[in-house]
Every structure is written in structure tokens, then in C-alpha cells.
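Please look over the sequence and the model below before reading on. The text then moves through salt bridges, a helix and a pocket.

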Amino acid sequence: MVVQIEPTAETLYDQDYYLWLRTTINQLRAGQFSAVDLDNLLEELETMGRREKRAIESLLIKLLEHLLKLKCWDEERERNQGHWKGEIRTFRREIKKALKDSPSLKPYILEIFDECYQDARTEASDRSQLGIDIFPLIPIGSLEQILDENWFPVDR
């Protein structure tokens, strides 16, 4: 006996994401709540929240990495400090924008600060090819200092 499997009907979400998004927005605006693909909408909203957290974590690690290189990579400081400071300002600006859009992420930054600092030490060590012990185990500044657009670490 041969069992036939019925193909599952693809949803608009599976067929055309952008069209699904526009349709969902229009349904919500029109108050057609019963027509909304609620399962996929909830999944998208949860994904957006995770994406925001990952983005701010990545920016913080990159910011800390560049601050560490500026402070500790003596041989390259003179040649690269302009680039590093430019990157530091860019990462600070992006973090500031993210926190302005989502102020509730501020406690999250505090929660991940120490872990991000340790990740930044590893990144700085890898990129500089200097031993990890060159980069201080304890953060080189408070979160407030790290995010302050006018603060830069003092050379060792």
C-alpha cells in the first residue's frame, strides 16, 4: 500500500516575506486582527528583540576592542590611533542611537558588560597577535566612561 502525503500549503510568509509583511501591516492598520498570521508575527517580533540585543552586544565588543588596542598596543598606536579613535566614535554613536530607540536595553548592556569586555580582550589579542595578558583583566573603564564620547584610555 502506498501512502500519499499531501503537500503542505505554503503560507504567504513562506512564499513572499515582504508581501506577508506589507499584508500584515495593512491588516493591523485596518483592524482585521482575525486575519493576521499571528504565529509568524509573534516569531518575527521575538526575532527582532534578539537581533537588537545581538547588535548592541557586537557594538560593545568592537568598542571595547578598539579601546583596548588604543591603550595597550604600543607598537601600532602612533600609526593607527586615528583610525581606532574614529572607530571608537562610530561604535559609541551606534550604541547611543540603539539606546535612544530602545532605552530598555540599558540594563542589558550592564548585564553583558563584563562578558563583552573579556570577549574584546580575546579579539584584541587575536588581531594584535599580542598575548592576552597584555590586555588588563579588569575593565579599563566603567560603562559610563566607555560610552562617553570624550573619554579615551590613558596609555600604559
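Which residues are linked in a network of salt bridges? The model is a predicted one, and in it the network links K62, E65, K69, E123 and R127. A search of the whole structure finds 8 salt bridges.

Two of the pairs in this network can be followed along helix α3. The side chains of E65 and K62 form a salt bridge, with N and O 3.5 Å apart. Both residues belong to α3 and are 3 residues apart, about one turn of the helix. E65 also meets K69 in a salt bridge, at 3.3 Å from N to O. K69 and E65 are 4 residues apart in α3, again about one turn of the helix. An α-helix has 3.6 residues a turn, so residues three or four places apart point the same way.

The three residues can also be placed by accessibility. E65 has a relative accessible area of 0% and is therefore buried, the cut-off being under 20%. K69 counts as buried too, because its relative accessibility is 7%. K62, at 24%, is partly exposed.

Helix α4, residues 74-101, holds a further salt bridge. R77 pairs with D74, and their closest N and O atoms are 2.6 Å apart. These two residues are separated by about one helical turn because they are 3 residues apart in α4. R77 is buried, with a relative accessible area of 10%, whereas D74, at 37%, is partly exposed.

Where is the kink in α4 centred? The kink is centred on N80 and amounts to about 80 degrees. N80 is itself one of the buried residues of α4, and others include E76, W84, I88, F91 and A98. What covers the buried residues of this helix includes α3 (38-72), α5 (106-128) and α6 (143-147).

Helix α4 also contributes to the largest pocket, which has a volume of about 250 Å³. Which helix supplies the largest share of the lining of that pocket? Helix α4 does, with 6 residues. The lining is made up of R89, R92, R93, I95, K96, L99, P103, K106, L147 and E149. Among these, R92, I95 and L99 are also listed with the buried residues of α4. By class, the lining has 6 charged and 4 nonpolar residues, with no polar ones.

Key
Residues numbered from 1 in each chain as written. Predicted model: local features only at pLDDT ≥ 70, side-chain atom pairs only at ≥ 80, totals over all residues. Heavy atoms only, no water. 1 Å grid on protein atoms, 1.4 Å probe; cavity = no way out; pocket = protein on both sides within 12 Å on 5 of 7 lines; lining within 4 Å. Points joined across faces, edges and corners; volume = space filled by probe spheres on them. Nonpolar A, V, L, I, M, F, W, Y, C, P; charged D, E, K, R; others polar. Bend = angle between axes of the 7 residues up to and from the residue. Buried < 20%, exposed > 50% of the residue type's maximum accessible area, 1.4 Å probe, protein only. Contact = heavy atoms within 4.5 Å. Salt bridge = Lys/Arg side-chain N within 4 Å of Asp/Glu carboxyl O.
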